[in-house]
Amino acid sequence: MRNWLLAAAAAVILAAPVSANADPMVLKFSHVVAERTPKGQAALKFKEAAERLLPGKVKVEVYPNSQLFGDAKEMEALALGDVHFISTSLSKFDKFTKKVQLFDLPFLFDDIAAVDRFQASKDGQDLLKSMVSKNYLGLAYWHNGMKQISAKKPLIKPEDAKGLKFRIQQSDILAAQFQALGATPQKLAFSEVYQALQVGTVDGQENTWSNILSQKFNEVQTDITESNHGVIDYMVLVNNKWWTGLPADVRDGLTKAMAEATKTNNETADKINEEAKKKIQASNTAKIHQLTPAQRQEWVKAMKPVWAKFEGEIGKDLIAAAMKSNQPKTN
Ligand code: SIN
């Protein structure tokens, strides 16, 4: 009797027509920052565009603030297929590629427009494929902005940083940058920075205005120097095998959605950071310090020697190409 029932159930299942309205593919997008940041907004734009361009075919779930995976786990989660899209700071790839470390060289880019020109160049676009042998494919760059340096004391001269402990991202170049100042770098996941600053495990940090405001770093720091000494930008990554195995129409729709999100991101990142800076200025929290050109030159002199240590790994030609992007095209 039991065998008969099982056989009947199996026959019903096999005979069931394939539903014309299959459930949408659920795609997870994980990142570590708040929604009111350039990356937070771009991830939401990607969701909106993907669901509009592929109606009923995909549902995108965005997980901000390290809710799903933090810095330590997101690359592994992508490799395992536990998440489909991540947008990782370019400073967190040195275990996977030495070339992308380029973006961490202090005072390499004059501003985000220069970063944009380099990312759009052939050299910049080639870097999106620099981790394919490890099964990670970059679909796009997203901007955040230039980094500012903060602590619990004014940092006007490079010597002011001496003896302090600074939180850094997972990057050997950033470690060398702080060592060059006579400071101690400490690699910490983004989600741990606020508490580390609050309890004094570290004295300072470097980040963009939007990350400083949205994480409330300005409430646990007394001084921020507008140093613009480096950049925090992102590579949006997928698992290459998963991506190339997608049905062509889905991959095409997601590619278009990514282009829309990238455009939104790159058009709004500067504005979001400027607004964040103004809010910090108005908030009666950390004091913002401007540097004179001569003072800024002192920071350049103190930090730039770290280039020599890494130019072999990165490649002198790539560094030269990035430096060229500081000159806007005139034609
Ligand atoms: C991010 O913007 O994704 C985080 C940057 C950081 O870890 O400081």
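Student: Which residues are linked with Lys45 in a network of salt bridges?
Tutor: This is a predicted model. Side chains of opposite charge can pair when their charged atoms come close. Here a network of salt bridges links Lys45 with Glu48, Arg52 and Glu260.

Student: How many salt bridges does the structure hold?
Tutor: The network just named is built from salt bridges. For the structure, the count is 18.

Student: How far apart are the closest N and O atoms of glutamate 48 and lysine 45?
Tutor: Both residues sit in helix α2 (residues 38-53). They are 3 residues apart there, so about one helical turn separates them. A salt bridge needs the nitrogen within 4 Å of the carboxyl oxygen. In this pair the closest N and O atoms are 3.1 Å apart.

Student: Is glutamate 48 buried, partly exposed or exposed?
Tutor: Buried means under 20% relative accessible area, and exposed means over 50%. Glutamate 48 has 35%. Its partner lysine 45 has 24% and is partly exposed. With its value of 35%, glutamate 48 is therefore partly exposed.

Student: Which residue forms a salt bridge with glutamate 61?
Tutor: Glutamate 61 is partly exposed, at 22% relative accessible area. The partner is partly exposed as well, at 38%. The closest N and O atoms of the pair are 3.5 Å apart. The partner is lysine 59.

Student: How many residues apart in sequence are the parts tied together by lysine 147 and glutamate 206?
Tutor: These two form a salt bridge, with the closest N and O atoms 3.1 Å apart. Lysine 147 lies in the loop between β4 (136-146) and β5 (148-151), and glutamate 206 in strand β8 (residues 204-207), so the pair ties together parts whose separation in sequence is 59 residues.

Student: Are lysine 147 and glutamate 206 buried or exposed?
Tutor: The cut-off for buried is under 20% relative accessible area. Lysine 147 falls in that class, and glutamate 206 does too. Both are buried.

Student: Where does the largest pocket lie?
Tutor: Its volume is about 310 Å³. Among its lining residues, Asp71, Ala72, Lys92, Lys95 and Gln170 lie nearest its centre. Domain 1 (2-96 + 113-144 + 233-269) gives residues to the lining, and so does domain 2 (148-230 + 276-323). The pocket therefore lies between domain 1 and domain 2.

Student: How many charged residues are in the lining of the largest pocket?
Tutor: The lining has 15 residues. Helix α3 (residues 74-80) gives the largest share, 3 residues. By class, 6 are nonpolar and 2 are polar. The charged residues number 7.

Technical notes. Residues are numbered from 1 along each chain as its sequence is written. This is a predicted model: local features need pLDDT of at least 70, side-chain atom pairs count only at pLDDT 80 or more; totals for chains, interfaces and linings use all residues. Side-chain values use heavy atoms; hydrogens and water are left out. On a 1 Å grid over the protein atoms alone, a cavity is a set of points where a 1.4 Å probe fits but cannot get out, and a pocket is an open set with protein on both sides within 12 Å along at least five of seven lines; lining residues have an atom within 4 Å of a point. Grid points are joined across faces, edges and corners, and a volume is the space filled by probe spheres set on the points. Helices (H or I, at least four residues) and strands (E, at least two) are DSSP runs, numbered from the N terminus. Ala, Val, Leu, Ile, Met, Phe, Trp, Tyr, Cys and Pro count as nonpolar, Asp, Glu, Lys and Arg as charged, and the others, Gly among them, as polar. Domain bounds come from an automatic or database domain assignment. A salt bridge is a side-chain nitrogen of Lys or Arg within 4 Å of a carboxyl oxygen of Asp or Glu. Buried means under 20% relative accessible area, exposed over 50%, partly exposed in between (1.4 Å probe, protein chains only).
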